[in-house]
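Welcome, and thanks for taking a look at this one with us. Have the sequence and the 3D view open as you read, and let us walk through a few places worth a click.

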Amino acid sequence: AISVYHQGFVHSVRKNEDSAWVGQQIDGSLDGQPLNFTVRQQHVLRGMDLAVEGLCVGDRISVVIPPHLGFDDLTVEFE
């Protein structure tokens with residue numbers, strides 16, 4: 001199991017949706033507690049699983065998770 005402090009922001013929105021969401025934080029360690037999960041157990045977005053593989057304690061990264069690795073919906077159209 002691993003523990004990560006994270007912040008999730010809206011990077012883009014579907015066509016015809018309110019672009020005011022772009023840049024808004026929608027997920028994260030808001031209460032100051034890390035997210036604890038086991039890699040490859042489908043506890044988090046697939047993109048998060050892939051992003052943390054191979055990281056070492058103390059590593060810091062920025063990740064943009066594309067829709068197909070976040071929501072498994074390949075039909076989503078983004079601006």
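## A salt bridge between two loops

Glu53 and Arg40 join their side chains in a salt bridge, with 3.0 Å from N to O. The partners come from distant parts of the chain and are 13 residues apart. Glu53 sits in the loop between α1 and α2, while Arg40 belongs to the loop between β4 and α1. Please keep in mind that this is a predicted model.

How many salt bridges does the count come to? The count comes to one salt bridge, taking a side-chain nitrogen of Lys or Arg within 4 Å of a carboxyl oxygen of Asp or Glu. Are its two partners buried or exposed? Glu53 has a relative accessible area of 32%, so this residue is partly exposed, falling between the limits of 20% and 50%. Arg40 reaches 55% relative accessibility and therefore counts as exposed.

## Positive phi in the loop before α1

Arg40 deserves a second look for its backbone. Although Arg40 is not a glycine, its phi is positive, at about 65°. This residue is found in the loop between β4 (35-37) and α1.

Gln42 is placed in the loop between β4 and α1 too. Here phi is near 60°, again a positive value in a residue other than glycine. Gln42 is exposed because its relative accessible area is 75%, and the cut-off for exposed is over 50%.

## The overall fold

Stepping back, the protein chain is built with two helices and four strands. Along the sequence these elements appear in the pattern β-β-β-β-α-α. The protein chain has 79 residues, of which 20% count as buried.

Gly70 gives a good example of a buried position. Gly70 is part of helix α2, and its relative accessible area is 13%, so Gly70 is buried; the limit for that class is under 20%. If you follow the backbone, Gly70 and Arg46 are 24 residues apart along the chain, yet their C-alpha atoms are separated by 6.0 Å.

## The largest pocket

What volume does the largest pocket have? The volume of the largest pocket is about 1600 Å³. There are 45 residues in its lining, and those closest to the centre of the pocket are Gln7, Gly8, Met48, Val63 and Ile65.

Several elements contribute to this lining: β1 (2-4), β2 (7-9), β3 (25-28), α1 and α2 each provide at least two residues. Sorted by class, the lining of the largest pocket holds 27 nonpolar, eleven polar and seven charged residues.

## A nonpolar patch on the surface

Which residues form a nonpolar patch on the surface? The patch is made by Leu55, Ile61 and Val63, which together have about 240 Å² of accessible area. Val63 may look familiar, since this residue is also among those closest to the centre of the largest pocket.

For a closer view of the patch, try Ile61. Ile61 lies in the loop between α1 (46-52) and α2 (67-70). With a relative accessible area of 46%, Ile61 is partly exposed. Why can Ile61 be part of a surface patch? Patch members need over 30% relative accessible area, and Ile61 qualifies because its value is 46%.

Technical notes
Residues numbered from 1 in each chain as written. Predicted model: local features only at pLDDT ≥ 70, side-chain atom pairs only at ≥ 80, totals over all residues. Heavy atoms only, no water. Patch = residues over 30% accessible without salt bridge, like charges linked within 9 Å, V, L, I, M, F, W, Y side chains within 5 Å. Areas by Shrake-Rupley, 256 points an atom, 1.4 Å probe, with all protein chains shown as cover. Buried < 20%, exposed > 50% of the residue type's maximum accessible area, 1.4 Å probe, protein only. 1 Å grid on protein atoms, 1.4 Å probe; cavity = no way out; pocket = protein on both sides within 12 Å on 5 of 7 lines; lining within 4 Å. Points joined across faces, edges and corners; volume = space filled by probe spheres on them. Nonpolar A, V, L, I, M, F, W, Y, C, P; charged D, E, K, R; others polar.
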